[in-house]
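Welcome to a short tour of one protein chain. Have the sequence and the coordinates open beside you, and we will go through the domains, a residue at their contact, some backbone details and a helix.

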Amino acid sequence: MRFFCIALAAASCAFADGVGIAFPQENALLPAVKRTYVIGAIPAADATQPLTIAGVTNDVYKTGAFIAMVPVEGGTNTITLTWGTNTLDRTFRVAFPSPPKPAATNTPPRDVRKDLGIPPDEEVSDARPKGKRIEDLTVMIDPGHGGQDTGALMPHGAGEKTVNLLQAQAIEAEFAKYGIKTVMTRTTDDEFPALYARPRRAYAEKVDAFISVHHNSTAADRDPREVRHTAAYASTPNGLALAKAIQQYVGPQVTGVKNAGAQMRSYAVCRNPAVASCLLEIDFINLPEGEDAALNDADRRSRIAHAVLIGFLDWLFAPDDGT
Ligand SMILES: [Zn+2]
């Protein structure tokens with residue numbers, strides 16, 4: 001099925017420029033959930049009109065973006081949106097619950113050194129570069145995802161990759177102001193450096209820190225309005241020190257959302273034994289307000305970039321290792 005339109009005026013028939021349903025995508029197969037979020041956008045000019053999704057009237061954000069939680073059943077589901085004289089259908093499938101698979105056994109742990117091209121006998125350390133002069137530092141900034149890998153989807157249909165790049169570019173500009181060299185793992189939306197190619201490059205180029213920039217979304221059946229927060233992650237103790245130092249400044253005062261702090265989590269880009277690495281989840285973007293802030297609020301991106309810089313300096317100049 002594809003959307004159709006019963007508007008009288010041809011102009012309002014144009015479901016282009018990010019207008020439509022971004023999630024679930026047409027014919028998508030969702031896991032065995034009992035409800036899902038539906039995100040998308042109607043023309044901003046129609047934002048004051050009542051929007052009905054699966055028979056329930058919903059708020060429309062000023063950009064035209066909307067979110068609704070709708071109940072679903074295993075099998076084929078069709079959801080209808082109506083506003084004014086417009087109608088939009090979306091058909092997708094939901095899997096039936098299947099018995100849990102037996103846990104995989106004997107899976108050897110990944111060899112991080114092999115993944116990153118670090119010779120087995122080479123001594124490496126991800127300790128912070130204590131005493132190194134600012135002008136001698138290089139920080140690798142990694143805009144998450146890219147190319148075919150869009151990352152999380154936003155109501156107007158753009159992917160996380162786009163806002164990750166915007167935020168990473170703001171961080172790059174902020175570090176440059178203070179004479180700190182940066183290297184970007186990608187500089188366009190179309191590139192997709194492979195996951196392990198990023199920390200591999202951080203090791204090969206002997207950078208002093210690695211900061212991966214991401215935005216978050218919820219699983220289909222979780223309402224992002226209930227869990228929206230900012231957080232940082234790391235996969236080594238030294239990486240965690242960097243994540244903590246940064247995340248203390250990327251709080252509600254700059255992002256406008258709750259700060260969940262920094263914690264350990266196993267991420268491919270953060271398991272680098274040669275470079276202190278962390279991953280920032282700036283905000284949730286599978287809701288209208290999160291999309292608007294990440295995509296349209298350049299001031300907020302600058303504030304976040306400044307907070308990342310201050311946190312980085314805090315980490316660099318902390319009195320003891322391990323703080
Ligand atoms: Zn991501």
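How many Å apart do the C-alpha centres of domain 1 and domain 2 lie? In this predicted model, the C-alpha centres of the two domains are separated by 31 Å. Domain 1 covers residues 10-94 and domain 2 covers residues 112-317, according to the domain assignment of the chain.

**Where the domains meet**

Each side brings residues to the contact: 21 residues from domain 1 and 21 residues from domain 2. About 1600 Å² of area is buried between domain 1 and domain 2, and carbon and sulfur atoms give 64% of that area. On the domain 1 side, the residues that lose the most area to domain 2 are Tyr-37, Tyr-61 and Ile-67, which together make up 34% of what that side buries.

The polar part of the contact can be counted too. Seven residue pairs are in polar contact between domain 1 and domain 2, with both residues at pLDDT 80 or more. The elements that give two or more residues to the side of domain 1 touching domain 2 are β1 (20-23), β3 (35-41) and β6 (65-71). Of these, β3 gives the most, with six residues. The count of salt bridges between the two domains is one. Elsewhere in your viewer, look for Asp-292 and Lys-62: they form a salt bridge whose closest N and O atoms are 3.9 Å apart.

**A closer look at Thr-36**

Strand β3 is also the place of Thr-36. Is Thr-36 buried or exposed? Thr-36 counts as buried because its relative accessibility is 0%, and buried means under 20%. Its side chain reaches the backbone oxygen of Ala-220 at 3.5 Å. Leaving aside residues up to four places away in sequence, Thr-36 touches a set of residues including Phe-23, Pro-24, Leu-30, Met-69, Phe-92, Ala-220 and Asp-221.

**Backbone details**

Two of those contacts, Phe-23 and Pro-24, are themselves joined by a cis peptide bond, with omega at about -5 degrees. Pro-24 sits in the loop between β1 and β2 (29-30), and Asn-27 is found in that loop as well. As background, most residues other than glycine have a negative phi, and most peptide bonds are trans. Here are three residues with a positive phi, for you to check in the coordinates:

| Residue | Place | Phi |
|---|---|---|
| Asn-27 | loop between β1 and β2 | about 65 degrees |
| His-145 | loop between β9 and α2 (160-177) | about 65 degrees |
| Lys-206 | just after α3 | about 50 degrees |

How do Asn-27 and His-145 sit with respect to solvent, buried or partly exposed? Asn-27 counts as partly exposed, because its relative accessibility is 48%. His-145 is buried, with a relative accessible area of 19%.

**The buried side of α3**

Lys-206 follows directly on helix α3, so let us finish there. Which residues of α3 (residues 197-204) are buried? They are Arg-198, Pro-199, Ala-202 and Tyr-203. These residues lie on the same side of α3, because they cover an arc of only 140 degrees around the axis. What covers them includes α1 (112-116), β9 (138-143) and β11 (209-216). Of these elements, β9 is also the strand that opens the loop holding His-145.

Methods
Residues numbered from 1 in each chain as written. Predicted model: local features only at pLDDT ≥ 70, side-chain atom pairs only at ≥ 80, totals over all residues. Heavy atoms only, no water. Buried < 20%, exposed > 50% of the residue type's maximum accessible area, 1.4 Å probe, protein only. Helix = DSSP H or I, 4+ residues; strand = E, 2+ residues; numbered from the N terminus. Arc of directions from axis to C-beta. Contact = heavy atoms within 4.5 Å. Domains from an automatic or database assignment. Buried area = accessible area lost by both parts, 1.4 Å probe. Salt bridge = Lys/Arg side-chain N within 4 Å of Asp/Glu carboxyl O. Polar contact = N/O pair within 3.5 Å; in protein donor to acceptor, adjacent residues only side chain to side chain.
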